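User: Please take a close look at one part of this model, the space that holds the ligands. Walk me through it in one connected answer.

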Amino acid sequence: MLLNVGLIQSFYDKLPHLNREMRRNLGKPLTFSEKVLYSHLYDKKGLRFYEHGAEYADFAPDRVAMQDATAQMALLQFMMTGKDTSAVPASVHCDHLITAKTGAVEDLRTANVVNKEVYDFLSSICDKYDIDFWKPGAGIIHQIILENYAFPGGMMIGTDSHTVNAGGLGMIAIGVGGADAVDVMSGMGWELKFPEIIGVKLTGKLNGWTSAKDVILKVAGLLTVKGGTGCIIEYFGEGAETLSCTGKATICNMGAEVGATCSVFGYDQAMSRYLNSTGRTVISDLAQGVIEHLTADPEVYANPEKYFDQLLEINLSELEPYINGPFTPDLATPVSQMKKIAVQNGWPLKVEAGLIGSCTNSSYEDLSRAASVAADAMNKNLVVKSLFTITPGSEQIRAIAERDGFLETFEKIGGTVFANACGPCIGQWDREGAGKKEINTVVHSFNRNFAKRTDGNPNTHAFVASPEIVTALAIAGDLTFNPVTDFLTNRNGEKVKLAEPAGLDLPLKGLAVFESGLQVPSGDKTRLSVKINPGSERLQALDPFLVWNGHDFEGLPLLIKVKGKCTTDHISMAGFWLKYRGHLDNISDNYMIGAVNSFNGETNNILNQITGNYEPVPQVARFYKASGVGSIVVGEENFGEGSSREHAAMEPRFLNVLAVLVKSFARIHETNLKKQGVLALTFSDRDDYVRIRETDKFDITGLSEFSPRKKIKIVVHHANGEEETIYANHSYNEAQIEWFKAGSALNLIRISKKRS
Ligand code: MIC
Ligand code: SF4
């Protein structure tokens, strides 16, 4: 048991009193999300109502989670604070840096060699700051958290956007940038705009080919990639209670794809069963004792339209399986419509590969259901038409899947089991032939399907579906196959139909015996030192960013005006570049290389206003920086959607991009920009986007009067001598303006540390 039971017990002991006080002071029944948020306010004195979607509040999360690709920068920043231990329990997970190629054993061996320097750094720094360190091969951060650390009613932040997965176990778990993790590990309050709360009422019961994944695929279609921005999605209703805990986690996991701050389910018996089956009966017993405080007040679920800021309803009995994509997770198509829609859009119909697993879908239920489909295909003498791969979420689940025969079944139909890691989900798939950039289709059970994300090939059309649907499509080799109605032809030329998937939500035989891969802090600080080789390609100690000089920004050339979707994958690509996540200078060479220049429709080819040449974005940014010139980036909607990676904000800061002006931001990226000291602005009139020309220069004025809610005046100088004045909005509060002035939020912590 890794959890500190004493801490959880004392939190639960206080809950009844706290909830009574909240209800009295707020004068209304509370949603479950509100209960968790209010019970984690940094300062609980004078508890009062916070206006949803408007007021900032400071929170005290119970724990922090980090994965290897973001932990490097988070901990490099933490080192700069001069603290000697993390103020809250924290963990680091080595999962993102393992490339999937041949199979688990070989790929892990390679990763341990190739990433040795980074793993050594992380292991030593975790030891120094009392952080749990999960070695490569132990599993994917979110699966390990669900299996070991999550608890109902708790609050946590993590340096990965899918931290939200823990909502499946009743936790408010939020994805953040590393600088936010530094705040919490330094013992400071963690600031968040108090979210709006979307209620999703689930009725009915899943059946046949439909699974929990289809709930969120449907929600993604309804809300779109930005519909959840600034919101918590709270699921409830009799349908919610029929879902397994891991199914709930899948739904919460992909809430990141609609931009939601997080998603959550109130505590129920499915969660209790999951806690018991993962060796945490003591927690489920404690939770049972405060059960009414780990869900919303009854009035809320009885009259949801009165208490939620927005309400959706989904009948699970009528829900169809969905396939979402390509290139965006909110393009939702019911399986029955795929024939028509795929042909209409000219999507490649042949499925080249089916990939299951990932942090989103590698539960016992997922693997058992997918294995039942695979076994059925074998029994019916079907040939599997596509490549088929499995990435288990953790060593625990892998060992159970092996013990219970699922892996053998997958291997028998030709599947390859990859290491317990992110692998193909984050471009860490060394796919044969991907370099040829052929137009092709793959189907996976992961969560994101942005261009290039799976195998680095921009022409790979990636579709997201449940593991059982992915398995069926891999068997059929056809995107338009509908297992609910369609037949396949087997080796004997007979027409056969796949049986509906069957599985169990939890293993009957309980936990498997396995090597967890956890390194707990030794506690012996005297012999610990964290070394960074000054000549390293992969790690670089950080230099503080410069303090704002007190002057307006004048004559900033436009670096790039981005057209259309600009996710963090476009801003700071993963895959190959993951290896530079601990080296700000080196990784800055990927800045914006995936973004489309609105003036020529090309990627990584922009005008250098000084030389007049067209060059790659990082080259032009470095040229401006070397010439002592700052620059500005312009973009469209939901800018910075997707990942929590703060490299997407640190790189522009490092390259002297002083402002980012867009139509709208995704939450985590906007905060990351603010924290790193880049001005994050939105067009007051979004139509002003069209006024921006390739050769423009910008004056950002009135910065000495920079204040909350006050628009910022920008003078745009066109090359022909004309100028136009436009206005920008921002969402900075007083404290965040101080981050800007100090050069970064971290600079403020360092200053206060020096003073104390
Ligand atoms: C992702 O799914 O995009 C990642 C890779 O897990 C990222 C984190 C990262 O970029 O390191 C995320 O979701 O935050
Ligand atoms: Fe890893 Fe993919 Fe999950 Fe991100 S979404 S944590 S890359 S498995």
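Analyst: **The largest cavity and its ligands**

The lining of the largest cavity divides into 7 nonpolar, 10 polar and 5 charged residues. The model is predicted. The volume of this cavity is about 220 Å³. Its lining is made of 22 residues, and those closest to the centre are Gln67, His96, Asp160, His162 and Arg453. Ligand 1 takes this space. Ligand 2 sits in the largest cavity too.

Start with ligand 1. It is surrounded by 14 residues. Asp160, Ser161, Arg453, Ser644 and Arg645 come closest to it. By class, this shell holds 2 nonpolar, 7 polar and 5 charged residues.

Three side chains make polar contacts with oxygen atoms of ligand 1. For Ser161, a polar side-chain atom is 2.5 Å from a ligand oxygen. For Asp160, the distance from a side-chain N or O atom to an oxygen of ligand 1 is 2.6 Å. For His96, a polar side-chain atom lies 2.8 Å from an oxygen of the ligand. On its own, ligand 1 has 330 Å² of accessible area, and the protein covers 97% of that.

Now ligand 2. Its surroundings include three histidines, His96, His142 and His162. Three cysteines are also there: Cys359, Cys422 and Cys425. Asp160, Ser358, Ile426, Asn447 and Arg453 complete the list. This shell counts 4 nonpolar, 5 polar and 2 charged residues.

Some residues recur. Asp160 is among the residues closest to the cavity centre, is around ligand 2, and has a side-chain N or O atom 2.6 Å from an oxygen of ligand 1. His96 is likewise among those closest to the centre and around ligand 2, with its polar side-chain atom 2.8 Å from an oxygen of ligand 1. Arg453 is one of the closest residues to ligand 1 and also appears around ligand 2. His162 is close to the cavity centre and belongs to the ligand 2 list.

Next, the other enclosed spaces. The model has 8 cavities of 30 Å³ or more. The second largest holds about 170 Å³. Its lining has 19 residues, with Ala256, Gly259, Gly642, Ala666 and Ile668 nearest the centre. These 19 lining residues fall into 7 nonpolar, 9 polar and 3 charged.

Two backbone details round this off. Most peptide bonds are trans, and most residues other than glycine have a negative phi. The bond from Gly325 to Pro326 is cis, with omega near 0°. Pro326 belongs to the loop between strand 12 (322–324) and strand 13 (332–334). Asn656 is not a glycine, yet its phi is positive, about 70°. It is found in the loop that runs between helix 23 (647–654) and strand 26 (657–662).

Note on methods:
Residues numbered from 1 in each chain as written. Chains lettered and ligands numbered in written order. Predicted model: local features only at pLDDT ≥ 70, side-chain atom pairs only at ≥ 80, totals over all residues. Heavy atoms only, no water. 1 Å grid on protein atoms, 1.4 Å probe; cavity = no way out; pocket = protein on both sides within 12 Å on 5 of 7 lines; lining within 4 Å. Points joined across faces, edges and corners; volume = space filled by probe spheres on them. Nonpolar A, V, L, I, M, F, W, Y, C, P; charged D, E, K, R; others polar. Near = heavy atom within 4 Å. Sits in = over half its atoms within 2 Å of the grid points. Polar contact = N/O pair within 3.5 Å; in protein donor to acceptor, adjacent residues only side chain to side chain. Areas by Shrake-Rupley, 256 points an atom, 1.4 Å probe, with all protein chains shown as cover. Helix = DSSP H or I, 4+ residues; strand = E, 2+ residues; numbered from the N terminus.
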